[in-house]
Amino acid sequence: MTDTPAEVVESIDPPRRSRHWRRLVVVLAIMLLLFGVPWWTLLAAGAAWPTAVFVVGTLLFVAAFAALPLLMMLGHGRRHLDWAASAGDALLGAAWIMFVWSVLGQLLRLALLIAGVEDPARGRLVAGAVLAAVMVFLVWGYAEAMRVPRVRKLDVAIARLGSGLDGLRVALITDTHYGPIDRARWSASVVARVNELDADVVCHVGDIADGTVDIREEQARPLASVAARSARVYVTGNHEYFSEAQGWLDYMESIGWAALHNRHITVERDGARLIVAGVDDATAEASGVRGHGANLESALTGADPSLPVLLLAHQPKQVAHAMRAGVDLQVSGHTHGGQIWPFNFLVRLDQPVVQGLSRHGERTQLYTSRGTGFWGPPFRVFAPSEITLLTLRRA
């Protein structure tokens, strides 16, 4: 039984069904492009392959087209089957790389046409070149994603920095995304490399894992061994709000990190002080998790306004609030540097910066990390992962 009048139910359901069908149509259109363009490039565009090659190749594309949504539902839906998530993510990444290089292959097709090369030779040359490029970038991209990140070092000049803090070393990791691929050994190696930096402050700027603490704790456990002279600080990213944000905040506190849930701490050295503040991810309030939501005013409550501020905020676009508050340096992640080229151009539509150091207003600087791990597809193409070492300098 329901207390909602029938005429109200009828007025609500059709719009919902309409939105549902629109989403399905959009997803279907994207998948048709993602698989259709490579199918046309490799098999159908003038190559005149033997029938057996064309049929077998087409069946492989059809199987992949059908498998992707099934694997995604099993892996990222209610069941959370890690093997399905790993397979689906890898298939998605491979499809994206194949799509990109199939599109670029049309430039080669045009060049061969101008050079007077006729089909089927032209179609087969394009198909061979595209397939070779895809294989190279899959192998290289996988190696880049799975390796321990290189250290990216940068000096950052801050006008209000006290002389006692000149040379303060801030190590930055972010977007570790402990997930369906067991990377416990990788995690331990990342921590070992961070500890080699002898940092004063170590920051983890969110997206620690895809999953709950109970499921991913083994991969996160090495974080307890991170060494810092003054502080280890952590803030939530958007992916924490897909599982249990408060659980990860509590876990990081339990292993000795300061979870900056809209709050700050003060770091002091040789008589000079630095405010290290953190805010929840930009998606926190909309997630519906009670007591969560980015609140920079709350994070800076009680802080001496004359002191320089280092702010941890997962998404670069949160710098708009930092700039208005007079923050000196914000550190962020989230973008992965695009992770798989040319996805960085799409990321730029949502974020003010994709990677690196940038200035916003007269005082505020923003450092955006390309991320320490990867999300989803286990590939990184022209977007290498990083562990960042920022050395703060008096301007």
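Colleague: What covers the buried residues of helix H7?

Modeller: The cover includes helix H6 (213-220), strand S4 (231-234) and strand S5 (258-259), where contact means heavy atoms within 4.5 Å. Please keep in mind that this is a predicted model, in which local features need pLDDT of at least 70 and side-chain atom pairs count only at pLDDT 80 or more, while totals for chains, interfaces and linings use all residues. Residues are numbered from 1 along each chain as its sequence is written, and side-chain values use heavy atoms, with hydrogens and water left out.

Colleague: What makes a stretch a helix or a strand, and which residues of H7 are buried?

Modeller: Helices (H or I, at least four residues) and strands (E, at least two) are DSSP runs, numbered from the N terminus, and by that rule the protein has 11 helices and 12 strands. Buried means under 20% relative accessible area, exposed over 50%, and partly exposed in between, with a 1.4 Å probe and protein chains only. In H7 (residues 245-254), Ala245, Gly247, Trp248, Leu249, Tyr251 and Met252 are buried, and glycine 256, which follows this helix, has a positive phi near 100°. Across the 395 residues of the protein, 49% count as buried.

Colleague: Why is tryptophan 40 called partly exposed?

Modeller: Its relative accessible area is 41%, and since a value must be under 20% to be buried or over 50% to be exposed, tryptophan 40 is therefore placed in between. Tryptophan 40 lies in helix H1 (residues 6-44), and, leaving aside neighbours within four places in sequence, tryptophan 40 is in contact with Ala45, Gln106 and Arg109.

Colleague: How do you know that strands S2 and S3 pair, and over how many bridges?

Modeller: Two strands pair if DSSP finds at least two bridges between them, and strand S2 (residues 168-173) and S3 have 4, in the parallel sense, so the condition is met. Alanine 171, for instance, has valine 202 in S3 as its bridge partner. Along strand S3 (residues 201-204), Val201 and Cys203 point one way while Val202 and His204 point the other way, and all of these are buried.

Colleague: What makes S6 and S10 the edge strands of the open sheet?

Modeller: The sheet has 6 strands in the order S6-S7-S8-S9-S11-S10, with mixed pairing. Strand S6 (263-269) and strand S10 (356-360) each pair on one side only, and they are the edges. Within this sheet, strand S7 (residues 272-278) and strand S8 (residues 309-312) pair in the parallel sense over 4 bridges, with alanine 277 opposite leucine 311 in S8.

Colleague: How do you know where the domains begin and end, and how much area do they bury between them?

Modeller: The bounds come from an automatic or database domain assignment, which gives domain 1 (18-145) and domain 2 (149-394). Their C-alpha centres lie 35 Å apart, and 20 residues of domain 1 are in contact with 19 residues of domain 2. Buried area is the accessible area (1.4 Å probe) that two parts lose on being put together, summed over both, and here it comes to about 1700 Å², 71% of it on carbon and sulfur atoms. On the side of domain 1, Trp96, Glu144 and Ala145 lose the most area to domain 2, together 32% of what that side buries.
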